[in-house]
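User: Please take a close look at the pocket lining here, and then at the parts of the protein that belong with it. I would like the cut-offs along the way.

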Amino acid sequence: MNTTHWLMSARQSLLISLSSALLLLSLLACQPIAIDNQAQLLRQTFTSEYDQTQRQYFVYLPKGYHQSDTLWPVMLFLHGNGERGDGQAELDFVLSHGPLYEAWIQKRELPFVIIAPQLPMFDFDKQGLGYIDNRRLEDVPVRLKQGTVTRAAYCQSTQSMLRHSTITTMQDIEPLPPKGWETIENDLLSILNATTEQFKTDPEHIYLTGLSYGGFGTWYLASQHPKLFTAIAPVVAWGHPDMMSPIAKQDIPLWVFAGGRDSTINIEYFYPGLNTLEALGHSQVRFTVHEELEHDAWKRVYASEDLYRWFLSHKKTQH
């Protein structure tokens, strides 16, 4: 075969190969794309209105999300003080506790689209707080391919289980701890709005919960936007009486949790706000004290089925 014939033969072979490849791609394009039926954990990017930095937050999609046109309940979760971070490399600290830990790390099939942002550090890493200074990303629990991680033990306390409340006024008590979730209120609203627009979510089932610092954030957001949430659950965080009027007016179903032996949060501070709610006519106040538990009573709260069933029992009403 001379050079000319060889080149013509090679060109014909190449054209046949290209035609076959294009045909294969065309056939593949006609096939439906298989989407994994398992739960997914997404990292969504946004620009913070607070300081114009680019940050991320988690969105958890439950098992079966992609298999139907079902509208899913939404749960906005606000973490505690120890899980602050840059919203980028440190975002995984948010997986340490709460409903996202239960759904993703413990592989529980919670039927919610869960939104979990991260509160900026705001120099809390310069205040000598051991639970922040000594934390390590490699200690954050991870989702295992097989099985689940062992749950952490409860904190131990030597305090006795004794209940009494002598506080009658909260006039000299600050309503919120310093540099909490109220500082990024607009970011939270933007994140919630983006999630409800982008994903298949049910506007009549939007729930809010948070632990410790996130519990205070829960009280705050509910007081500022009482018509936004279907029900709220502040965990190991009391609500100041000054915040209660909008919540009572909307009659938002709420379930408050405390640890009876909590050495971080004064349990006496819970009662003035809750009594104010009832005095204002709120009809759906629920308060549970886990008498034998410390500040980490949130572990039991989020590990049980009770809170999630309670959330789902409520549908948004108009007032």
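Analyst: Here is a walk from the pocket to its surroundings.

Happy to go through it! This is a predicted model, in which local features need pLDDT of at least 70 and side-chain atom pairs count only at pLDDT 80 or more, while totals for chains, interfaces and linings use all residues. Numbering runs from 1 along each chain as its sequence is written, and side-chain values use heavy atoms, leaving out hydrogens and water.

The largest pocket has a volume of about 920 Å³. Its lining counts 38 residues, and those closest to its centre are Gly-82, Glu-83, His-97, Leu-211 and Trp-298. On a 1 Å grid over the protein atoms alone, a pocket is an open set of points with protein on both sides within 12 Å along at least five of seven lines, a cavity is a set where a 1.4 Å probe fits but cannot get out, and lining residues have an atom within 4 Å of a point. Volume is the space filled by probe spheres set on the points, which are joined across faces, edges and corners. By class, the pocket lining divides into 19 nonpolar, 11 polar and eight charged residues (nonpolar: Ala, Val, Leu, Ile, Met, Phe, Trp, Tyr, Cys and Pro; charged: Asp, Glu, Lys and Arg; polar: the others, Gly among them).

Which helices each supply at least two residues of this lining? They are helix 2 (98-105), helix 5 and helix 8, with helix 8 giving the largest share, four residues. Helices (H or I, at least four residues) and strands (E, at least two) are DSSP runs numbered from the N terminus; the protein has nine helices and eight strands in total.

Take helix 8 (298-303) to begin with. The loop between strand 8 and this helix holds Asp-296, which has a relative accessible area of 3% and therefore counts as buried (buried is under 20%, exposed over 50%, partly exposed in between, with a 1.4 Å probe and protein chains only). Leaving aside residues up to four places away in sequence, Asp-296 touches Ala-153, Tyr-154 and Cys-155, where contact means heavy atoms within 4.5 Å. Asp-296 also forms a salt bridge with Lys-299, their closest N and O atoms being 3.0 Å apart (a side-chain nitrogen of Lys or Arg within 4 Å of a carboxyl oxygen of Asp or Glu). Both Lys-299 and Asp-296 are buried. Elsewhere, Glu-102, Arg-108, Arg-151 and Glu-305 are joined into one network by salt bridges that share partners. Within it, Glu-102 pairs with Arg-108 at 2.9 Å between the closest N and O atoms, and both of these residues are buried. Asp-139 and Arg-136 also form a salt bridge, with the closest N and O atoms 2.9 Å apart. Here Asp-139 is partly exposed because its relative accessible area is 47%, and Arg-136 is partly exposed too, at 44%. The structure holds 12 salt bridges.

Now for helix 5. The largest nonpolar core (buried Ala, Val, Leu, Ile, Met, Phe, Trp, Tyr and Cys residues joined through side-chain atoms within 4.5 Å) has 51 residues, and Trp-219, Phe-229, Ile-247, Leu-254, Phe-270 and Leu-277 have the most contacts inside it. Helix 5 (residues 213-224) contributes the largest share of this core, six residues. A second, separate core of 37 residues includes Met-75, Trp-104, Tyr-308 and Trp-310. Back in the largest core, Ile-247 touches Trp-219, Ala-222, Ser-223, Ile-252, Leu-254, Leu-277 and His-282, again not counting residues up to four places away in sequence.

Helix 5 is also among the elements that cover the buried residues of helix 7, together with helix 6 (244-250), strand 7 (254-259) and strand 8 (285-290). Those buried residues of helix 7 (270-279) are Phe-270, Pro-272, Gly-273, Leu-274 and Leu-277. After helix 7 comes Gly-281, with a positive phi near 95°.

Finally, for contrast with the open pocket, the structure has two cavities of 30 Å³ or more. The largest of them encloses about 40 Å³, and the second largest has about 30 Å³. Lining the second largest are Leu-176, Pro-177, Gly-180, Trp-181, Glu-182, Tyr-213, Phe-216 and Gly-217; by class they are five nonpolar, two polar and one charged.
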